[in-house]
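Visitor: Hi! I have a new structure open and would like a friendly tour. Could you walk me through it?

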Amino acid sequence: CALPFVYGSTVLVFVHIIPSRAKVALELCFLGAMSGAGLWSVVGGAGHGGIIVRTERELGSPAANSRLSTGAVIKGLECHEGRLHYELVEGTGPAKGWVTMNLRGRDLVIKCEEMVATKPQVQEAAMSEGSTSDGDSREGNAACVASGDSASGSEKEGVEVSFQRDKLTKDEKTAFLQYEEKFGENRDGTHAAGYNRKAFPWAVPQREAKQTSDEVIQATLAFKKQDKARKPRLWDVDSDGEEVNLCARCFMPIGQTAYEGKEKGSCVHPECMAQVVVEEMADGDAKMQKGEAEKKLKNRLEYDIGWRMDSVPKNEPLAERMGCSPAPKGLTSLVYDEATRTVRVAATLEPAASVSLEYLVLALKVRRQESREPLFSLDPVDPHNMEKSPQKKRYEPDWLAGTTVGDVMFQADYFLKELALGEYTMPVVGMMSVFDWSECMETMNRQWSGREWFVVKKAEVRMAEDKTLIPFVKMGVEAREQVLTEKGLEDAPITGPNHPLRKFADAFTRNFDLIAERKSVIFHL
């Protein structure tokens with residue numbers, strides 16, 4: 001039997017070796033659990049007027065009104081897991097019921113045939129004040145059940161026990177008594193000196209953790225600790241023992257001139273005050289720029305401003321409608337047939353020969369129905385209030401609104417105006433925005449208005465040796481200064497070559513092809 005003892009963080013294990021004769025004595029101690037038949041004598045509960053009797057077999061069943069007196073003789077009817085069902089033969093107590101046969105290593109009832117062999121044990125049980133049949137202690141029942149199970153079976157019935165306790169040596173009796181006392185000890189470590197069951201985590205029942213609700217978690221994360229920083233001391237004592245005030249920013253002594261700080265009663269140096277003013281202006285500019293950026297993003301989402309590659313039309317559906325089978329999956333070109341004087345759709349690998357069929361169809365529709373080129377313009381709603389007036393889209397013809405051609409014309413025109421105002425980084429090194437040109441030219445300090453737009457400078461259709469039609473286009477940007485008249489904004493009679501808007505338009509025109517390679521919306525225009 002290994003019994004652990006815990007002293008601090010050290011665990012000592014004492015092993016008691018029970019001799020063979022002591023083992024026989026242990027079997028004799030629980031011999032009454034082998035069979036419930038026969039006459040039994042009550043030897044426990046001498047100090048309490050007898051042992052407790054319960055109406056049912058379970059330990060939690062109701063107890064009888066009176067106890068079964070010590071010395072009574074009962075007849076065993078049934079034995080189950082250390083509990084004896086009896087019928088009273090001699091003595092006082094309930095006529096029938098269930099009693100515990102052994103509690104904490106001491107017999108409460110023994111068979112009458114063994115009274116002589118176990119007389120010392122009967123006397124010891126009769127004098128014990130704690131011998132009751134309450135049986136609520138799980139350790140006593142567990143020991144009785146274990147002994148009963150080990151002694152049960154057909155192999156044990158023929159065993160004749162001829163050993164008596166008085167034949168044990170002194171050391172064997174001491175070891176046996178120490179072993180029996182352990183069944184009644186407190187094993188939770190609260191009262192037993194030298195034994196701590198809490199040293200073994202698996203023996204201590206753990207409380208079930210409660211799941212924290214999401215509301216509590218969110219409230220904990222949202223909680224911010226208040227910074228209770230101690231206010232700095234804004235005064236000190238100099239070498240002469242006089243009290244001097246300190247700057248609230250640099251904590252250096254204040255001279256003859258000072259400014260009032262943010263906190264009441266505080267002072268700052270003039271140099272520190274200048275730094276405070278600069279920081280406040282920078283913070284104000286940062287907040288203003290952040291607000292403008294948020295407002296601009298909201299407007300772009302509301303009015304669908306900004307070029308997206310998913311708006312580029314695909315050639316495959318139109319190629320199938322035009323009789324091209326199989327329809328090209330990639331670039332599409334036009335091939336001229338001299339015999340029939342018609343044009344057919346064909347696939348190509350040459351980017352210079354590729355065309356967008358949807359753009360071509362819409363442009364030809366405008367030419368056929370309106371006898372002109374497609375046109376788009378962003379015009380102010382109120383020309384007399386240019387700073388606050390919104391702009392409206394104007395398409396010619398009107399049905400271009402909502403088409404892919406109308407969308408690419410609007411997005412390209414809006415990109416041109418944003419680039420002129422310095423909203424983006426210039427796509428070509430050396431280009432300057434209109435504002436940059438205005439700062440360089442001192443003569444343009446007056447207020448002015450102007451407009452700029454895309455123009456087609458040259459457009460041709462060339463033919464390759466394999467009769468493939470190759471479009472050739474040269475585009476540019478024009479700019480005009482505008483004046484406000486009774487009719488609204490009109491172009492000024494003369495726009496000088498040194499005008500900031502004209503300077504930007506000329507630079508864009510010179511680098512048009514390079515910008516088209518770097519900006520997708522200009523390429524599709």
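Guide: Happy to; we will go from the overall make-up to the core, one helix, and then some charged residues. Keep in mind that this is a predicted model.

Visitor: How many helices and strands does the protein have?

Guide: The secondary structure comes to 14 helices and 20 strands. Of the 525 residues in the protein, 32% are buried.

Visitor: And what about the surface: how much does the protein expose?

Guide: About 34800 Å² is exposed, and carbon and sulfur atoms supply 52% of that.

Visitor: What share of the contacts comes from residues 24 or more positions apart?

Guide: Counting contacts with a separation of 6 or more, 52% are between residues 24 or more positions apart.

Visitor: Let's go inside. Which residues have the most contacts in the largest nonpolar core?

Guide: Those are Met 431, Phe 454, Phe 504, Phe 508 and Ile 522, in a core of 23 residues. At least two residues of this core come from each of α10 (404–420), β19 (468–485), α12 (500–510), α13 (512–518) and α14 (520–524). There is also another core apart from it, with 14 residues, including Leu 68, Leu 84, Tyr 86 and Leu 103.

Visitor: Why would such residues be buried together?

Guide: As a general tendency, nonpolar side chains in soluble globular proteins are buried together.

Visitor: Pick one for me. What is Phe 508 in contact with?

Guide: Setting aside neighbours within four places in sequence, Phe 508 is in contact with Leu 416, Leu 419, Met 431, Phe 454, Val 477, Ile 515 and Ile 522.

Visitor: Which residues of α12 are buried?

Guide: Pro 500, Leu 501, Phe 504, Ala 505, Ala 507 and Phe 508 are the buried residues of α12. They are on the same side of α12, because they cover an arc of only 165° around the axis.

Visitor: What covers them?

Guide: The cover for the buried residues of α12 includes α10, α11 (434–440), β18, β19, α13 and α14.

Visitor: Is there a charged pair on that helix too?

Guide: Asp 506 forms a salt bridge with Arg 502, with the closest N and O atoms 3.6 Å apart. The two are four residues apart in helix α12, so about one helical turn separates them. Asp 506 is partly exposed, with a relative accessible area of 30%, and Arg 502 is also partly exposed, at 25% relative accessibility.

Visitor: Now one that caught my eye: is Glu 452 buried or exposed?

Guide: Glu 452 is buried, and it has no salt bridge. The nearest side chain of opposite charge is Lys 417, 5.9 Å away. A salt bridge needs the nitrogen and oxygen within 4 Å, so at 5.9 Å Lys 417 does not make one with Glu 452.

Visitor: Where is Glu 452, and what does it touch?

Guide: Glu 452 is in strand β18 (residues 449–463). Leaving out neighbours within four places in sequence, its contacts include Asp 413, Leu 416, Lys 417, Val 477, Glu 478, Leu 501 and Phe 504.

Visitor: Back to the pairs. How many salt bridges are there?

Guide: The count comes to 21 salt bridges. One pair is Arg 249 and Glu 279, whose side chains meet at 2.7 Å, N to O. That pair links distant parts of the chain, with Arg 249 in the loop between β11 (243–245) and β12 (259–260) and Glu 279 in helix α7 (residues 270–302), 30 residues apart.

Visitor: Got another?

Guide: Glu 396 forms a salt bridge with Arg 372, the closest N and O atoms being 2.6 Å apart. Glu 396 lies in strand β17 (residues 391–396) and Arg 372 in the loop between α9 (357–370) and β16 (375–380), so the pair ties together parts that are 24 residues apart in sequence. Glu 396 counts as partly exposed at 24% relative accessibility, and Arg 372 is partly exposed with a relative accessible area of 29%.

Visitor: One last stop: where is Glu 490 found?

Guide: Glu 490 is in strand β20 (residues 488–491). It is partly exposed, with a relative accessible area of 34%. Not counting residues up to four places away in sequence, Glu 490 touches Glu 481, Gln 482, Val 483 and Thr 485.

Note on methods. Residues are numbered from 1 along each chain as its sequence is written. This is a predicted model: local features need pLDDT of at least 70, side-chain atom pairs count only at pLDDT 80 or more; totals for chains, interfaces and linings use all residues. Side-chain values use heavy atoms; hydrogens and water are left out. A nonpolar core is a set of buried Ala, Val, Leu, Ile, Met, Phe, Trp, Tyr and Cys residues joined through side-chain atoms within 4.5 Å. Buried means under 20% relative accessible area, exposed over 50%, partly exposed in between (1.4 Å probe, protein chains only). Contact means heavy atoms within 4.5 Å. Lys and Arg count as positive and Asp and Glu as negative; His and the chain ends are not counted. Accessible areas come from the Shrake-Rupley method with a 1.4 Å probe; for residues, only the protein chains shown count as cover. The arc is that of the directions from the helix axis to the C-beta atoms.
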